[in-house]
Amino acid sequence: MYKQTFRVLSKRLLTNINQNYKQTAIHDISKHLFNSNLWLKANTIAVTIPRKIELDTFPLIEQAWKEGKNVVIPKCYPNNDHQMKFYSFTNRHELENVYLDLYEPKEERHKLVYKEDIDLIIVPGLLFDHQGYRIGYGGGYYDRYLANFNQAKISIAMEEQIVKNLPFDHYDIPVDYIISNRKIYHC
């Protein structure tokens, strides 16, 4: 119940931040990210396709493609114990709208990428705290996936999305870093 309140309030916050500000924020976040060792050392980067209220991740995806990095995006399986798998993503034609404004890759077995082959995962969320915990959309997909993920885990966020503390449960997995439009937080 407590997390749900944060979820509702953070969605309202994101809805009320104008697109120009979000574009400036992702530009600043990108500069921090692209100059970090996390990015420079990564060959395969996992990232989500953004929903309308979220920061646009396509500049990150396009830069990764320019640098010859592999980009993988998640597909959720709600009927399979809320599991998630990542698939190689090479162009926008590989996307399908699964519901509302959520886009995922079309399922193609030959494009499946295993957890141990991902070097850097950019974990989405609505709200984040200084310890790396986050409020997401409530499905638990990322926490399940990250349970045995040993590579770098980061999130990107506007400063407005970062708070001192958030409620978390024993199964919540924090990220290692949050990259904001102002700085990089080591969690």
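Reader: Is Lys-31 buried, partly exposed or exposed?
Author: This is a predicted model, and the answer rests on computed areas. The relative accessible area of Lys-31 is 46%. Buried would need under 20%, and exposed over 50%. Lys-31 falls in between, so the class is partly exposed.

Reader: Which residue meets the side chain of Lys-31 in a salt bridge?
Author: Side chains of opposite charge can pair when their charged atoms come close. For Lys-31 the N to O distance is 3.9 Å. The cut-off is 4 Å, so the pair counts. The partner of Lys-31 is Asp-28.

Reader: Which helix holds both Asp-28 and Lys-31?
Author: The two residues sit 3 positions apart, about one turn of the helix. Asp-28 is partly exposed too, at a relative accessible area of 22%. Both residues belong to residues 19–34, which form helix 2.

Reader: In the salt bridge of Glu-67 with Lys-69, which residue is buried?
Author: The closest N and O atoms of this pair are 3.9 Å apart. Glu-67 has 37% relative accessibility and counts as partly exposed. The other partner has 11%, under the 20% cut-off. The buried residue is therefore Lys-69.

Reader: How many residues apart in sequence are the parts that Lys-75 and Glu-96 tie together?
Author: These two form a salt bridge, with closest N and O atoms 2.9 Å apart. Lys-75 lies in strand 2 (residues 70–77), and Glu-96 lies in strand 4 (residues 95–99). The pair therefore ties together parts of the chain with a separation of 21 residues.

Reader: Which of Lys-75 and Glu-96 is buried?
Author: Glu-96 has a relative accessible area of 30%, so this residue is partly exposed. The partner has 8%, under the 20% limit. The buried one is Lys-75.

Reader: Which residues are linked with Lys-3 in a network of salt bridges?
Author: By the distance rule, the protein has 9 salt bridges. Some of the pairing goes beyond two residues, as with Lys-3. The residues linked with Lys-3 are Asp-169 and Asp-172.

Reader: Is Lys-111 buried or exposed?
Author: Lys-111 lies in the loop between strand 5 (102–105) and strand 6 (112–113). Residues touching Lys-111 include Phe-86, Tyr-87 and Glu-94. Its relative accessibility is 16%, under the 20% cut-off, so Lys-111 is buried.

Reader: What is the phi of His-82, in degrees?
Author: Most residues other than glycine have a negative phi. Asp-81 has a positive phi of about 60 degrees. His-82 also has a positive value, and lies in the loop between strand 2 and strand 3. The phi of His-82 is near 55 degrees.

Reader: Which class of exposure does Asp-81 have?
Author: Asp-81 is found in the loop between strand 2 and strand 3 (83–88). Its relative accessibility is 55%, over the 50% limit. Asp-81 therefore counts as exposed.

Reader: What is the radius of gyration of the protein?
Author: The protein has 5 helices and 13 strands. For 187 residues the globule rule gives 16 Å. The computed value is close to that, so the protein is as compact as a globular protein of that length. The radius of gyration is 15 Å.

Reader: What share of the residues counts as buried?
Author: The C-alpha trace spans about 40 × 40 × 30 Å along its principal axes. The accessible surface comes to about 10,000 Å². Of the 187 residues, the share that counts as buried is 49%.

Terms used
Residues numbered from 1 in each chain as written. Predicted model: local features only at pLDDT ≥ 70, side-chain atom pairs only at ≥ 80, totals over all residues. Heavy atoms only, no water. Helix = DSSP H or I, 4+ residues; strand = E, 2+ residues; numbered from the N terminus. Rg over C-alpha atoms; globule rule 2.2 N^0.38 Å. Buried < 20%, exposed > 50% of the residue type's maximum accessible area, 1.4 Å probe, protein only. Areas by Shrake-Rupley, 256 points an atom, 1.4 Å probe, with all protein chains shown as cover. Contact = heavy atoms within 4.5 Å. Lists of a residue's contacts leave out its neighbours within four places in sequence.
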